[in-house]
Each structure stands twice: as C-alpha cells, then as structure tokens.
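Trainee: Please take me through one part of this predicted model in detail: the central strands, and then what lies around them.

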Amino acid sequence: MLNIVLFGPPGSGKGTQAKFLEQKYQTPQISTGDLFRYNLKNETDLGKKVRAYMDKGSLVPDEITTQMLSDELDKGKSPNGYIFDGYPRTTSQAVALDKILAEKFNEEVTVTVALVVDDEVLVQRLLERGKTSGRSDDVNEEVIRHRITEYYTKTAKVAKHYKAQGKWVEINGVGDIDEITEKLIAVINEAMIKED
C-alpha cells in the first residue's frame, strides 16, 4: 500500500495536487477539508462544532478530526493505499495516524511531502479562492494570516515526527502546476523504491 501524507499551509495547492496523485496511483484522497465541508453542509452535530472553530480561523481539535478520519477509513480498505490531505496537522494526529494505519491495515505512512509556498502568495491565493469557495475563512485577510501562523506553529513538530522516521520531503509549491506534480511523483516513486 502507498500511504502519502500531503503537507502544506492553507492555499499551498494540496487539494489540487492530491487529485492528480489520486489518478496517477489509483489511491483515494482523504481530505479532512472535504470531511469538514460534508459535516458543515449537512449541519451534523460534528459540523456545528467544526463551524465554531473554522469561523475563528482555528484548527479543529485533534479528537474530532481523528474521529472523522477513522470513520472514513472504516468504510473499507483501499487496495492501493490513501492520500491524506490536511491530516495530520499536529504531533498527536501523526501518532494517531501511525496507530490507525497499523491497527486497521497493518500498514504505515510511506512518505510525507510538504509543499513550501511564501506566505504572501498563500494570502493572495486564498483571497482569490474566497471569491468562489463560499468559505467564510477564505474572505478575511486577518483570519487567513491567523490560519497560516497557526499552521506553522502547530505543524513544525509534525515535521520532526516524520523527519525522525526518514519520511519528510519538502518541494517548492510555487510555479507551473504540472511541474509541481512531476516533482511530487518523483519524490513518491523514490519513497516506494525505498519501501520495497
């Protein structure tokens, strides 16, 4: 199984790249953002809890996010693995993902790829996305900057977790989308060779 974790701050292009990788490797993308939006749209109890955090630009507590992910994985094992987009974002989530993959599938994370993008580029991308996304956290620059700062604060330790396992790779997330995809594929293919 190929289990890819895509990392990057809000607006770094994780979702876009995950779609390409999903087709390339025939692995379903599990986006915590999509899980959140489903719960928000359907106004589930979980969705109402998520809304309160998102409106402030804060990350949703680990236990809520992890439960959503675990429930999604319970729907059935993908034979080729998964692409995790937006999870894990904290060390406790990274530890939880290691445990979930081991217990459910006797598997582990293959590689973690971080898309590196300058903050000002992120802000402009998100403000532009906010014109059509309908997301309240994409239209306010102050909230966007808070999200980016919170991302760096909370995820720096996650990088250490995966670096310690030799599974952390950074690539430049600015430029032509196809070129970024090619870089991702090269990194993933190399990780697959190491795993074999």
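**The strands around β1**

Mentor: Strand β1 is joined to strand β3 (residues 81-85) by 5 bridges, and the two run parallel. This is a predicted model, in which local features need pLDDT of at least 70 and side-chain atom pairs count only at pLDDT 80 or more, while totals for chains, interfaces and linings use all residues. Residues are numbered from 1 along each chain as its sequence is written, and side-chain values use heavy atoms, with hydrogens and water left out.

Some terms for the strands come next. Strands (E, at least two residues) and helices (H or I, at least four residues) are DSSP runs, numbered from the N terminus. Two strands pair if DSSP finds at least two bridges between them. A residue is buried at under 20% relative accessible area, exposed at over 50%, and partly exposed in between, with a 1.4 Å probe and protein chains only.

In the pairing of β1 with β3, Asn 3 has Tyr 82 as its bridge partner. β1 also pairs with strand β4 (residues 111-116), again in the parallel sense, over 4 bridges. There, Leu 6 stands opposite Val 113, and Phe 7 stands opposite Ala 114. β4 in turn is joined to strand β5 (residues 168-172) by 5 bridges, also parallel. Val 113 stands opposite Val 169 of β5. Val 113 of β4 therefore appears in two pairings, opposite Leu 6 in one and opposite Val 169 in the other.

As for cover, β1 spans residues 2-7, and 6 of its 6 residues are buried. On one side these are Leu 2, Ile 4 and Leu 6, and on the other Asn 3, Val 5 and Phe 7, so that both faces are covered. In β4, 5 of its 6 residues are buried.

Two of the loops beside these strands have backbone features to check. Most residues other than glycine have a negative phi, and most peptide bonds are trans. In the loop between β3 and helix α5 (91-105) lies Pro 88, and a cis peptide bond, with omega about 0 degrees, joins Tyr 87 to Pro 88. In the loop between α5 and β4 lies Asn 106, whose phi is positive, near 55 degrees, although the residue is not a glycine. Asn 106 counts as exposed because its relative accessibility is 67%. Gln 26, another residue that is not a glycine, has a positive phi of about 55 degrees. Gln 26 is in the loop between α1 (14-25) and β2 (29-31), and at 54% relative accessibility it counts as exposed.

Charged side chains are the next topic. Side chains of opposite charge can pair when their charged atoms come close. A salt bridge here is a side-chain nitrogen of Lys or Arg within 4 Å of a carboxyl oxygen of Asp or Glu. By this rule the count is 13. One of them joins Arg 129 to Asp 138 at 2.7 Å, N to O. Arg 129 is partly exposed because its relative accessible area is 31%, whereas Asp 138, at 0%, counts as buried. Another joins Asp 137 to Arg 147 at 3.6 Å, N to O. That pair links distant parts of the chain, 10 residues apart: Asp 137 is in the loop between α6 (119-133) and α7 (141-164), and Arg 147 is in helix α7. Both Asp 137 and Arg 147 are buried.

A further salt bridge is found between Lys 194 and Glu 190, at 3.9 Å, N to O. These two residues are about one helical turn apart because they lie 4 residues apart in helix α8. Lys 194 counts as exposed at 64% relative accessibility, and Glu 190 as partly exposed at 45%. Elsewhere, salt bridges that share partners join Arg 129, Arg 135, Asp 137, Asp 138 and Arg 147 into one network.

Helix α8 (residues 177-195) also holds Glu 182, which counts as exposed because its relative accessibility is 56%.
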